[in-house]
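Please consider the protein model shown below. The paragraphs after it offer a guided reading of its fold, its interior and its surface.

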Amino acid sequence: MRIFYDTEFLEDGRTIELISIGMVADDGRELYAVNRDAPWDRIREHDWLLTNVVPHLPRVRGDGSQLINFTDPLVKPRAAIAAEVLAFIRATPNPDLWAWYCAYDHVALCQLFGRMVDLPPEVPMWTNDLQQVIVRAQSPDLPDQQSGVHDALADARHAQRIAAFLERQTGRSL
């Protein structure tokens, strides 16, 4: 069964720091979490993330001095996110991971568990890339994402819609 996912992250050319993750399984289950342990001081200095990602995160109402609402139940320690992601994948028969431009997403996902050799056996060692399917399908006009661009859960849902669109266009399962 397919799991579509997306991550938002801070990367500096050397490291990839998870900000949030959204997952959607073909059976309708969803998971969304924001990393309490992300480097919020560095994120605060990143204009693109402040403009495009932070507005989609659980926010504190008020003066805006705090980037996220650390009391929101979606904001969790990295270890709790890893446990939830593993439980989500374990609850999926024959999990097949999919993402759009997935290289960094896969690294961010795997790093939840530490080094690559620490990856639990239930977690696939690769993520299928929707962009490769799009290119092979000769780049059909894809449905636009109506809202939530750079919101990890909205992006995961949109990836699932793109997969369904590609299957209808090509007449083949991904």
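What follows moves from the overall fold to individual helices, charged pairs and surface features.

The structure is a predicted model. Its chain has six helices and six strands. Read along the sequence, these elements are arranged in the order β-β-β-α-α-β-α-β-α-β-α-α. The three strands that open this pattern are followed by two helices, and the pattern closes with two helices.

The overall dimensions can be checked against a simple expectation. A compact globule of 174 residues would have a radius of gyration near 16 Å, and because the chain has 16 Å, the two values agree. Taken along the principal axes, the C-alpha atoms fill a box of roughly 50 × 35 × 30 Å. Of the 174 residues in the chain, 47% are buried, where buried means under 20% relative accessible area. Among contacts with a separation of 6 or more, 64% are between residues 24 or more positions apart. The chain exposes about 9200 Å², and carbon and sulfur atoms supply 50% of this area.

Helix 6 offers a second check on geometry. This helix covers residues 152-170. At 1.5 Å a residue, its 19 residues should span 27 Å, and the end C-alpha atoms are 27 Å apart, so expectation and model agree. The buried residues of helix 6 include several alanines, namely Ala152, Ala154, Ala156, Ala159 and Ala163. Leu153, Ile162, Phe165 and Leu166 are also buried in this helix, as are Asp155, His158 and Glu167. The cover over these buried residues includes strand 1 (2-11), strand 2 (16-25) and strand 3 (30-35), together with helix 5 (130-136).

Helix 4 (103-111) can be read in a similar way. Its buried residues are Asp105, His106, Ala108, Leu109 and Cys110. They pack against strand 1 and strand 2, and also against helix 3 (78-90) and strand 5 (96-99). Strand 1 and strand 2 are thus found both among the elements that cover helix 6 and among those that pack against helix 4.

The charged side chains come next. Side chains of opposite charge can pair when their charged atoms come close. The structure holds nine salt bridges. One of them joins Arg14 and Asp12, with an N to O distance of 3.6 Å. Arg14 is exposed, with a relative accessible area of 74%, whereas Asp12 is partly exposed at 35%. Asp12 also meets Arg42 in a salt bridge, at 3.2 Å from N to O. Asp12 lies in the loop between strand 1 and strand 2, and Arg42 lies in helix 1 (residues 40-44), so the pair ties together parts that are 30 residues apart in sequence. Arg42 is partly exposed, with a relative accessible area of 30%.

Where does the salt bridge between Glu30 and Arg157 make its link in the chain? The side chains of these two residues meet at 2.7 Å, N to O. Glu30 is in strand 3 and Arg157 is in helix 6, so that the pair links distant parts of the chain, 127 residues apart. Both partners count as partly exposed: Glu30 has 39% relative accessibility, and Arg157 has 33%. A further set of salt bridges shares partners and joins Arg2, Asp26 and Glu167 into one network. Within that network, Glu167 is one of the buried residues of helix 6.

Two loop residues have a notable backbone angle. Asn94 is not a glycine, yet it has a positive phi of about 45°. Asn94 is placed in the loop between helix 3 and strand 5, and it is exposed, with a relative accessible area of 67%. His150 likewise has a positive phi, near 75°, in a residue other than glycine. The place of His150 is the loop between helix 5 and helix 6, and at 25% relative accessibility this residue counts as partly exposed.

The surface also carries a nonpolar feature. Met116, Met125 and Trp126 form a nonpolar patch there, with about 360 Å² of accessible area together. One of these residues, Met125, is found in the loop between helix 4 and strand 6 (128-129).

Definitions and conventions:
Residues numbered from 1 in each chain as written. Predicted model: local features only at pLDDT ≥ 70, side-chain atom pairs only at ≥ 80, totals over all residues. Heavy atoms only, no water. Patch = residues over 30% accessible without salt bridge, like charges linked within 9 Å, V, L, I, M, F, W, Y side chains within 5 Å. Areas by Shrake-Rupley, 256 points an atom, 1.4 Å probe, with all protein chains shown as cover. Salt bridge = Lys/Arg side-chain N within 4 Å of Asp/Glu carboxyl O. Helix = DSSP H or I, 4+ residues; strand = E, 2+ residues; numbered from the N terminus. Rg over C-alpha atoms; globule rule 2.2 N^0.38 Å. Buried < 20%, exposed > 50% of the residue type's maximum accessible area, 1.4 Å probe, protein only. Contact = heavy atoms within 4.5 Å. Expected span 1.5 Å × (residues − 1).
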